[in-house]
Amino acid sequence: MRPDKILMCPPDYFTVEYEGNMFMDLKNPPDIRKAKEQWNNLKLIYTKLGFEVILIPPAKGFPDMVFTANQSFPFVNENGKLQVILSKMKNSQRKDEVKYFKDFYEQRGYEILNLPEEIEFFESMGDAIMDYKRNIIFGGYGQRSQREAYRIIENYTGLEVVTLELINPYLYHLDTCFSILDNNNVVIDETAFSSDDLKKIQSYFKNVIVIDRKENMNSFACNCHCPDGKNVIVQSGADNFTHKLQTEGFNIIETDTSEFIKSGGSVFCMKMMLW
């Protein structure tokens with residue numbers, strides 16, 4: 001069952017206060033006024049596509065809360081019950097974001113599931129990306145999430161988990177190099193994966209759309225989001241990539257997330273799909 005709601009967090013406190021990935025540079029801070037405009041434009045896109053956008057209040061001192069893909073992994077269990085696995089953030093600056101999401105989910109009636117102590121880090125849908133039609137979780141590991149976390153997640157969810165090792169330090173989350181469009185089509189930056197994992201991906205999708213590494217790095221194109229199997233929301237400027245998608249029959253919705261890319265995130269990072 002594909003979720004019909006989108007969770008976002010207003011960028012009231014968004015900025016770059018530390019260098020937590022290859023894109024964050026204290027000497028190149030985001031333009032906050034422009035960032036708020038970009039965020040509002042993305043919110044409007046989801047609204048126009050028919051999704052209810054739900055907001056979690058931002059908390060002062062947590063500039064990365066705006067990237068709502070990272071703090072939680074919500075799902076519906078086999079009995080139709082809403083549950084959520086809480087993240088364990090790797091960067092110390094983000095660890096305390098999770099408690100705000102715990103409160104949010106409790107208020108919405110979700111059962112809270114915590115990872116055991118031996119799991120030190122797992123960053124949810126930054127790495128654990130759902131194929132909602134086939135009920136498969138594709139799980140990236142090696143940089144922000146531990147492989148061992150997926151054994152627990154498989155037990156919690158009862159879903160099939162396909163693990164993929166991330167070998168490119170610039171592509172630190174799976175959502176920077178892997179985006180599911182539908183159960184037949186996936187977008188990847190192949191520089192993120194070993195030859196064995198590339199074969200694994202090909203075995204699950206009829207059509208693997210490979211994006212040019214430079215275009216992905218410049219425009220975060222693999223961080224696109226296809227919420228309904230037909231409309232693809234993507235950072236503007238990835239011309240070769242968008243042409244490929246149009247050729248495959250997808251509708252392209254370009255938007256500007258350039259201020260958020262300065263913090264290492266774009267479209268997919270800035271939302272969470274909910275029931």
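I counted seven helices and 14 strands in the secondary structure of the protein chain. Helices (H or I, at least four residues) and strands (E, at least two) are DSSP runs, numbered from the N terminus. The model is predicted, so I used local features only at pLDDT of at least 70 and side-chain atom pairs only at pLDDT 80 or more, while totals for chains, interfaces and linings use all residues. Residues are numbered from 1 along each chain as its sequence is written, and side-chain values use heavy atoms, without hydrogens and water.

**Overall form**

I looked up the radius of gyration, taken over C-alpha atoms. For the protein chain it is 17 Å, close to the 19 Å of the globule rule for 275 residues, so the chain is as compact as a globular protein of that length. The rule is 2.2 Å times the number of residues to the power 0.38. The C-alpha trace spans about 45 × 40 × 35 Å along its principal axes.

**Burial**

I checked how much is buried (under 20% relative accessible area, 1.4 Å probe, protein chains only). Of the 275 residues, 59% count as buried.

**Cysteines**

I searched for disulfides, meaning pairs of cysteine sulfur atoms within 2.5 Å. The count is zero. Why is C226 not bonded to C224? Their sulfurs are 7.8 Å apart, too far for a bond, and C224 holds the closest cysteine sulfur to that of C226. C269 is in no disulfide either; the nearest cysteine sulfur, in C177, is 11 Å away. I noted that C226 is buried at 4% relative accessible area. C269 is buried too, at 3%.

Note on methods:
Buried < 20%, exposed > 50% of the residue type's maximum accessible area, 1.4 Å probe, protein only.
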